[in-house]
Amino acid sequence: VTEALKPHLKPCSKHDEPDVIMTIDGLSTYLMVSKKWIYEATSTRSIPHFKLTNKQLRFKKREIDAWIDSLRRSAMNEPTSKLRLIK
C-alpha cells in the first residue's frame with residue numbers, strides 16, 4: 001500500500017520546497033515591519049538581501065527564515081533584578 005501511494009504523497013521537507021523570492025512589500029508584510037525599517041536594515045547589511053541590476057531589493061524567504069532563527073534568544077530560567085514572580 002505504501003509503495004502504491006508514494007507517487008501521490010507530497011514531501012514535507014523544507015528543503016524540497018522551492019525558494020520564494022520576496023519584494024520589499026512582501027517582506028514587510030511577512031515580518032510585520034515598515035518598509036523604512038527594511039531599507040535601513042539593508043543599508044547597514046544586517047538583513048540578507050540582493051539587488052537586481054536596477055537596484056531593486058529582493059529577499060530569499062529561506063535566508064530570511066534562517067536570519068530570524070539566528071536572532072532567537074533563549075528564555076531565562078529564573079527571573080532576575082526587578083522581575084519577580086507574582087504569588
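This section describes the sheet, the helix packing and the buried helix faces of a predicted model.

The strands form an open sheet of three members in the order E1-E3-E2, with antiparallel pairing. Strand E1 (21-22) and strand E2 (50-51) are the edge strands, each pairing on one side only. E1 is joined to strand E3 (residues 57-60) by two bridges, and the two strands run antiparallel. In this pairing, Ile 21 lies opposite Lys 60 of E3. Helix H4 (residues 61-70) packs on the sheet, where it touches E1 and E3. The direction of H4 makes about 70° with that of E3.

A further packing arrangement involves two helices. Helix H2 (residues 24-31) packs with helix H3 (residues 35-43) at an angle of about 105°, and their axes are 9 Å apart. Because angles of 65 to 115 degrees count as roughly perpendicular, H2 and H3 are assigned to that class. On the H2 side, the contact is made by Ile 24, Asp 25, Leu 27, Ser 28 and Leu 31. H3 contributes Lys 35, Trp 37, Ile 38 and Tyr 39. By class, the residues of this contact comprise six nonpolar, one polar and two charged.

The buried residues of H2 were considered next. Ile 24, Leu 27, Ser 28 and Leu 31 are buried in H2. These residues cover an arc of only 100° around the axis and therefore lie on the same side of H2. An α-helix has 3.6 residues a turn, so residues three or four places apart point the same way. The buried residues Ile 24, Leu 27, Ser 28 and Leu 31 also appear among the H2 residues that make the contact with H3. The cover over the buried residues of H2 is not restricted to H3, but includes E1, E3 and H4 as well. H2 is followed by Met 32, which has a positive phi, near 60°.

A corresponding description applies to H4. Its buried residues are Ile 64, Asp 65 and Trp 67. They cover an arc of only 160° around the axis, which places them on the same side of H4. The buried residues of H4 pack against E1, H2, H3 and E3. H4 is in turn among the elements that cover the buried residues of H2. The strands E1 and E3, which H4 touches in packing on the sheet, are likewise included in the cover of the buried residues of H2.

How values were computed. Residues are numbered from 1 along each chain as its sequence is written. This is a predicted model: local features need pLDDT of at least 70, side-chain atom pairs count only at pLDDT 80 or more; totals for chains, interfaces and linings use all residues. Side-chain values use heavy atoms; hydrogens and water are left out. Axes are lines fitted to C-alpha atoms, for helices over the stretch in contact, and angles run from 0 to 180 degrees between N-to-C directions. Helices (H or I, at least four residues) and strands (E, at least two) are DSSP runs, numbered from the N terminus. Angles under 35 degrees count as roughly parallel, over 145 as roughly antiparallel, 65 to 115 as roughly perpendicular and the rest as oblique. Contact means heavy atoms within 4.5 Å. Ala, Val, Leu, Ile, Met, Phe, Trp, Tyr, Cys and Pro count as nonpolar, Asp, Glu, Lys and Arg as charged, and the others, Gly among them, as polar. Two strands pair if DSSP finds at least two bridges between them. Buried means under 20% relative accessible area, exposed over 50%, partly exposed in between (1.4 Å probe, protein chains only). The arc is that of the directions from the helix axis to the C-beta atoms.
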